[in-house]
Amino acid sequence: MRIAVDAMGGDNAPEQIVAGAIAAAACCEDLDLVLVGQEDKIRAVCTMPDNVEIVAASQVIENDDKPLLALRRKRDSSLAVALQMLKDGQADAVVSAGNTGALMAGASLLVGRIPGVTKPALAPILPTQDGQGVVAVDIGATMDPRPENLYQFAVMGNLYAQTIFGLDRPRVGLLNVGVEPEKGNELAKQTYKLLSESPLNFVGNVEARDIMQGVCDVLVCDGFVGNVLLKSMEGVALTLFAEIKHAIIAGGVKAKLGAVLLKDTLKGLKSKLDYAEYGGSPLLGINGVCIKCHGSADAVTVKNAILKQACLLVKNKTIEGMAKTLEV
């Protein structure tokens, strides 16, 4: 298995990206990693183990670059070179924490979509109380989908959940403002009809307040709503831990002693709510494994994106399964 990593993408590149890739390589002897980027900067981070190589790329697509323009002008960028490797069969997957728009545009243009898929979808795993998580699809790739697009998202999310969670029949829910079938806008109503008539294990509409209770394994929504949901959950988690820390500091000696006793419990809670534990978001609908990590991804995030997502999707031939299921 050969995975290409965009070593120059993300806020913490190349140090954290390279460190995460090296950590992943150390965990799997059958894994060959390719760090794509500016060789001198990559080698300055650490010594490369035997199952890690470097492919030089002289340019970097920055976060504020316009995606299509950057792809045209920076053809020797780390992201473009990594995606071209996937297209040419020189890599089985691509992992990047770089410019999201450039990754989506580059994946669509260079790698191509699965036949029959008209819109791509980003599908991160959101935290749930049971510790498993829920695949949310889409959280920002397609802002104005049609009902048939959301149906395809559900099918792809279902196969992804089977791979990641090991479930035979994942529960598929549709994000809505109420659980009744007639609730929501026209997009939600038409999508509900398609999903209810499908062979999927559709459990109906799901309200946002119930998501973290684990009421479904796959949550279907449009990219606009999904992105708002994701960032709201991240904001709540950050605020929660900031408030806990503030309360401990302001609470004096007793609060600090209590915090020491609850240290392991609080770490466990943080781990359950931390997106880094899940790695990144696969870009579903692309005819190849593309994993998008958070722009602020650290070494742990990158390691998990490689081992817990890219490797599993390649090993289980999940993309091939999606292509066969969605075959027209």
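Okay, one bit of vocabulary before we start: two strands pair if DSSP finds at least two bridges between them. And keep in mind that this is a predicted model.

With that in hand, take strand β2, residues 32–37. β2 and β3 pair in the parallel sense, over five bridges. If you want one spot to click on, go to Val34, whose bridge partner in β3 is Glu53.

Now zoom out to the whole sheet. What order do the strands come in? Reading across, you get β3-β2-β1-β4-β12-β11-β5. That's seven strands in an open sheet, with mixed pairing. At the edges sit β3, residues 52–56, and β5, residues 121–122, and each of those pairs on one side only. Helix α1, residues 15–27, packs on this sheet and touches β1 (2–6), β2 and β3. The direction of α1 makes about 170 degrees with that of β2.

Staying in that neighbourhood, look at the loop between α1 and β2, where you'll find Cys28. Buried or exposed, or somewhere in between? Cys28 comes out at 25% relative accessibility, so it counts as partly exposed. What does Cys28 touch, once we leave aside its neighbours within four places in sequence? The answer is Asn51 and Leu307. For Asn51, the separation from Cys28 is 23 residues in sequence and 9.3 Å in space, C-alpha to C-alpha.

Next up, helix α6, residues 147–165. Here's a little sanity check on its geometry. At 1.5 Å a residue, its 19 residues should span 27 Å, and the end C-alpha atoms are 26 Å apart, which agrees. As for its surroundings, 16 of the 19 residues of α6 are buried, so this helix is largely enclosed by the rest of the structure. Just after α6 comes Gly166, with a positive phi of about 70 degrees.

Last stop, a helix pair. In general, two packed helices are described by the angle between their axes and the distance between the axes. For helix α8 (residues 223–250) and helix α9 (residues 252–261), the angle is about 130 degrees and the axes are 6 Å apart. Angles between 115 and 145 degrees fall in the oblique class, so α8 is oblique to α9. Who makes the contact? On the α8 side it's Ala247, Ile248, Ile249 and Ala250, and on the α9 side Gly252, Ala255, Lys256 and Ala259. By class, this contact has six nonpolar residues, one polar and one charged.

That's my tour, so over to you.

Terms used:
Residues numbered from 1 in each chain as written. Predicted model: local features only at pLDDT ≥ 70, side-chain atom pairs only at ≥ 80, totals over all residues. Heavy atoms only, no water. Helix = DSSP H or I, 4+ residues; strand = E, 2+ residues; numbered from the N terminus. Contact = heavy atoms within 4.5 Å. Axes fitted to C-alpha atoms, helices over the stretch in contact; angles between N-to-C directions. Parallel < 35°, antiparallel > 145°, perpendicular 65-115°, else oblique. Nonpolar A, V, L, I, M, F, W, Y, C, P; charged D, E, K, R; others polar. Buried < 20%, exposed > 50% of the residue type's maximum accessible area, 1.4 Å probe, protein only. Expected span 1.5 Å × (residues − 1).
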